[in-house]
Protein chains: 2
Amino acid sequence: MGSLEYVPADGPASKVPHIERLAAWSAGLQYDDLPAPVIEMTKDFFLDWYACALGGRNHASVQAITAFSKDMGRVGGRGSEILHEPGTTIGSAFAALINGAASHVIEQDDLHNSSMMHPATVVFPAALAVAQEVGADGKAFITACVAGYDVACRVGEFLGPGHYAKFHTTATAGVFGATAAAAHLLRLNGAQTLSALGTAGTQAAGLWQFMLDATHSKQVHTAKACFDGVFSAHVARAGLLGPRDILQGANGMAASMVPAGSAVRPEAIVAGLGNGDADGFAIMASSFKWHASCRHTHASVDALLQIMREHGLVLDDVAAVVCHTYRAAVEILSRSEAGLTVHQSKFSMGFVLAVAAKYGRASVLDFTEAALDDAELRAFQQRVRMVVDGPIEAAFPAQWQARVDVTTKAGATYTAFVPIAKGDPGRHLTRSELETKALRIAEYAGVADMGAVKDNIERAWHLEDVKDLSGFACI
Amino acid sequence: MGSLEYVPADGPASKVPHIERLAAWSAGLQYDDLPAPVIEMTKDFFLDWYACALGGRNHASVQAITAFSKDMGRVGGRGSEILHEPGTTIGSAFAALINGAASHVIEQDDLHNSSMMHPATVVFPAALAVAQEVGADGKAFITACVAGYDVACRVGEFLGPGHYAKFHTTATAGVFGATAAAAHLLRLNGAQTLSALGTAGTQAAGLWQFMLDATHSKQVHTAKACFDGVFSAHVARAGLLGPRDILQGANGMAASMVPAGSAVRPEAIVAGLGNGDADGFAIMASSFKWHASCRHTHASVDALLQIMREHGLVLDDVAAVVCHTYRAAVEILSRSEAGLTVHQSKFSMGFVLAVAAKYGRASVLDFTEAALDDAELRAFQQRVRMVVDGPIEAAFPAQWQARVDVTTKAGATYTAFVPIAKGDPGRHLTRSELETKALRIAEYAGVADMGAVKDNIERAWHLEDVKDLSGFACI
């Protein structure tokens with residue numbers, strides 16, 4: 001899909017909406033259609049997400065949403081698991097809501113570059129909850145998740161950078177992925193799936209305003225995308241009709257939620273659908289996060305660490321850092337450059353590079369309340385600036401690159417270019433690295449039963465053989 | 001508020017966001033602050049809404065949403081009423097969801113002209129559900145509803161016609177009203193209410209695409225605005241922080257959900273707040289619907305009926321009708337001018353005027369499946385066209401006027417101008433008319449226990465004296 005061109009948002013829509021073809025493909029996808037690498041990659045992303053969902057469990061927003069859910073939801077009996085409360089079941093929409101809120105807290109979940117969205121945090125919570133609701137097995141779950149990834153990422157690619165500048169695409173495209181996964185597990189046909197996706201799109205929401213004051217909307221966005229996905233699939237099954245062309249229609253998302261003058265990419269919705277090529281599946285193009293900061297900082301962190309390692313520099317050697325990046329990075333990160341809270345500090349290029357310079361890494365254990373008061377980090381933060389680079393901007397969003405220039409106090413200058421950040425396709429994490437990351441996150445989150453986490457890691461590696469998806473909750 | 005000017009959406013925001021003042025006002029509003037006419041008007045709109053909620057109970061979308069709610073929600077015990085299922089209680093968010101879906105089906109609920117939204121359908125379902133949840137009395141309920149009306153309508157006025165052209169303002173501003181009413185009943189303070197409103201705004205959604213294919217999103221929009229309002233208030237109480245300036249902030253609704261070049265009206269958010277003047281309350285400026293069609297057709301229906309009555313015309317006398325109206329009416333109604341379904345037929349100027357010409361009214365009993373196949377109506381529909389009129393456009397949205405020209409087959413031409421449609425402020429419905437309308441809707445909806453409806457009419461007229469809000473459900 002990478003070579004397709006953006007076209008004006010107000011271009012003519014085809015008579016058969018692209019989303020209708022996508023819905024039919026999603027509804028019809030079968031486990032036997034999946035190339036082996038796609039199955040293995042889905043298991044990798046599932047484990048990676050699972051750790052992230054555990055990692056966010058203590059956040060105030062997750063606790064607030066859990067309280068609401070228990071007050072409103074059908075608790076007990078046939079239901080889906082709250083991952084951080086073993087033994088408590090609740091209606092699948094609420095399990096999706098709670099687990100969706102928890103998944104995105106620690107900023108370690110995956111990122112699909114060309115759609116500028118985080119698919120795991122919206123696809124897996126909805127899919128797991130509905131799989132538990134209907135008693136689906138591992139093969140059905142994997143298939144639904146693959147469908148959810150493709151639907152979410154293709155919608156995100158369609159909406160493009162103009163939409164992303166205004167809306168949190170993880171939520172607005174994510175609700176399509178949550179819906180597709182839920183619809184697949186509920187065995188909706190193509191027409192029902194199209195209705196569900198139309199209902200999803202007319203609920204699509206999520207603004208960046210929370211970035212300016214470090215409030216909790218990011219968790220609301222992912223949680224509600226999951227809830228709304230389960231809702232959309234359920235009501236479609238029960239006969240509620242959604243609009244047929246919510247993406248390209250005259251009053252649909254492109255017409256209403258993409259700024260005038262920005263481009264959308266209709267072909268991304270359907271390009272290569274069902275051609276059986278492993279690389280055509282969106283999940284193959286998603287990237288793991290190794291660093292615990294905003295994905296827009298990763299290539300810069302890699303480049304800085306490379307320079308410091310190669311030239312034997314320590315934090316105090318560095319006089320100035322210039323990050324050459326793409327425009328979206330500057331726009332997003334500028335909103336939180338002060339880095340006033342732990343969460344916001346992960347979205348400050350200066351602070352993230354300071355952490356990397358000091359500790360040689362930027363892991364979930366390094367962004368703490370104590371770090372916020374570290375004068376050494378704060379001083380380094382002031383030495384970092386970002387500039388938009390022409391070729392790097394041109395490569396975005398297919399690639400999230402960076403070039404970093406370091407000037408030392410001794411007057412030396414060094415440059416490193418990172419075309420592929422660690423965790424990206426071509427530099428994916430190994431299963432050993434994924435296990436290390438998962439266990440580190442579980443430890444960070446204060447998980448008491450680490451044996452259960454290790455058991456679930458093993459279950460993930462054999463996910464296609466599990467008879468049902470229950471038992472992933474742990475203390 | 002009518003005289004305030006629109007200003008560019010990208011104008012400078014004040015340092016204390018207007019919404020912060022609105023939140024503080026909403027949280028602090030007390031029953032004793034309400035002028036007597038405001039209390040009486042709230043009772044009028046409550047009854048009017050109640051009838052509409054009963055009227056929509058048989059719609060497929062309401063049934064689908066009810067099925068989802070029973071599957072997911074806490075059914076039984078302490079809970080809120082599903083209005084069309086006496087004896088069934090459910091978590092307040094779901095009661096709000098279901099009753100919110102039902103409220104807007106028959107297109108007979110109120111309309112607040114200058115905000116271009118229907119406040120009753122989003123404020124009352126949320127308020128009633130939460131009032132039942134917390135055991136609030138009539139005075140607390142009335143106060144919360146008055147707050148909800150002001151918050152919703154002021155946000156709608158702020159967002160303005162540019163937003164309305166893209167988004168269903170009843171949903172996107174409505175979620176603020178549902179949130180404010182719920183927050184008031186949960187006794188949130190000003191800061192918590194501000195958080196709740198911020199969380200509401202970042203969930204605001206609702207596109208017009210459903211108008212193009214007569215699907216069910218309108219019910220999803222009102223239902224979800226109600227659900228999301230209850231959600232936003234609950235999670236704010238539990239500590240979830242929402243963005244402080246979701247309306248005017250650099251990445252808030254005006255910046256992201258109002259097209260470039262369109263204006264917003266910041267002063268509408270706060271103008272006259274708390275000055276004690278009855279006419280300063282938004283609920284005083286809302287209008288009742290007498291006709292059962294889209295509100296954009298009403299002044300034209302009044303004008304046509306006036307001409308036909310004054311000149312003794314019958315349907316077959318009319319050769320051509322020209323409706324001089326405002327731009328938004330042409331834009332909205334053009335999407336459904338074919339009038340292919342019962343619902344869509346209420347949004348076809350031609351079909352609505354045909355019904356009025358044939359029956360001398362356009363009541364809920366006149367838009368039927370049989371009417372869709374009535375060749376006489378279909379022929380008349382073709383004789384109607386709309387044009388935008390300069391002065392009428394200038395008066396919109398403060399006033400929803402129309403001038404209609406009729407040319408008869410005999411060659412005569414007649415004109416009537418309607419500056420204030422029946423039901424608008426200045427021509428509000430009497431309590432006798434409201435009772436007639438309510439009973440007619442209940443009959444239309446197949447309510448079996450008309451005695452219960454009559455009892456509830458009496459309760460509405462004495463709403464300030466009721467000890468709790470339970471018992472409004474009826475068979």
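Let me start with the loop between α8 (174-185) and α9 of chain A, where R187(A) is found, and I should say at once that we are looking at a predicted model. What draws the eye to R187(A) is its backbone, since phi there is near 60°, a positive value in a residue other than glycine.

Staying with the backbone for a moment, there is a cis peptide bond between F396(A) and P397(A), with omega at about 5°, and P397(A) has its place in the loop between α19 (390-395) and β9 (402-408) of chain A. In chain B, a cis peptide bond likewise joins F396(B) and P397(B), again with omega of about 5°, and P397(B) lies in the loop between α19 (390-395) and β9 (402-408) of chain B.

Now to the salt bridges, of which the rule counts 42 over all chains. One of them I would like you to find on the screen is the pair of E464(A) and K43(A), whose closest N and O atoms are 2.9 Å apart. This pair links distant parts of the chain, with E464(A) sitting in the segment after α21 (450-461) of chain A and K43(A) in helix α2 (residues 36-55) of chain A, 421 residues apart.

Let me turn to chain B and its own helix α2. How do the axes of helix α2 (residues 36-55) and helix α6 (residues 138-164) of chain B cross? They come within 10 Å of each other and cross at roughly 85°, and α2(B) and α6(B) are therefore roughly perpendicular to each other. On the α2(B) side the contact is made by V38(B), I39(B), T42(B), K43(B), F45(B) and F46(B), while α6(B) brings F141(B), I142(B), C145(B), V146(B) and Y149(B). Taken by class, that contact of α2(B) with α6(B) has nine nonpolar residues, one polar and one charged.

The last part concerns the interface, in which 60 residues of chain A are in contact with 60 residues of chain B. About 4700 Å² is buried between chain A and chain B, and carbon and sulfur atoms give 63% of that area. Which residues of chain A lose the most area to chain B? They are M72(A), Q209(A) and N251(A), which together account for 15% of what that side buries.

As for specific pairings across the interface of chain A and chain B, the rule finds four salt bridges, and the side chains of R78(B) and D71(A) meet in a salt bridge at 3.5 Å, N to O. The rule also finds 29 residue pairs in polar contact across this interface, both residues being at pLDDT 80 or more. If you want to trace the side of chain A that touches chain B by its elements, those giving two or more residues are α3 (60-72), α4 (92-103), α9 (190-201), α10 (210-213), α11 (217-237) and α12 (253-257) of chain A. The largest share of that side, ten residues, comes from α11(A), and by class the side of chain A that touches chain B has 28 nonpolar, 21 polar and eleven charged residues.

Technical notes. Residues numbered from 1 in each chain as written. Chains lettered and ligands numbered in written order. Predicted model: local features only at pLDDT ≥ 70, side-chain atom pairs only at ≥ 80, totals over all residues. Heavy atoms only, no water. Axes fitted to C-alpha atoms, helices over the stretch in contact; angles between N-to-C directions. Helix = DSSP H or I, 4+ residues; strand = E, 2+ residues; numbered from the N terminus. Parallel < 35°, antiparallel > 145°, perpendicular 65-115°, else oblique. Contact = heavy atoms within 4.5 Å. Nonpolar A, V, L, I, M, F, W, Y, C, P; charged D, E, K, R; others polar. Buried area = accessible area lost by both parts, 1.4 Å probe. Polar contact = N/O pair within 3.5 Å; in protein donor to acceptor, adjacent residues only side chain to side chain.
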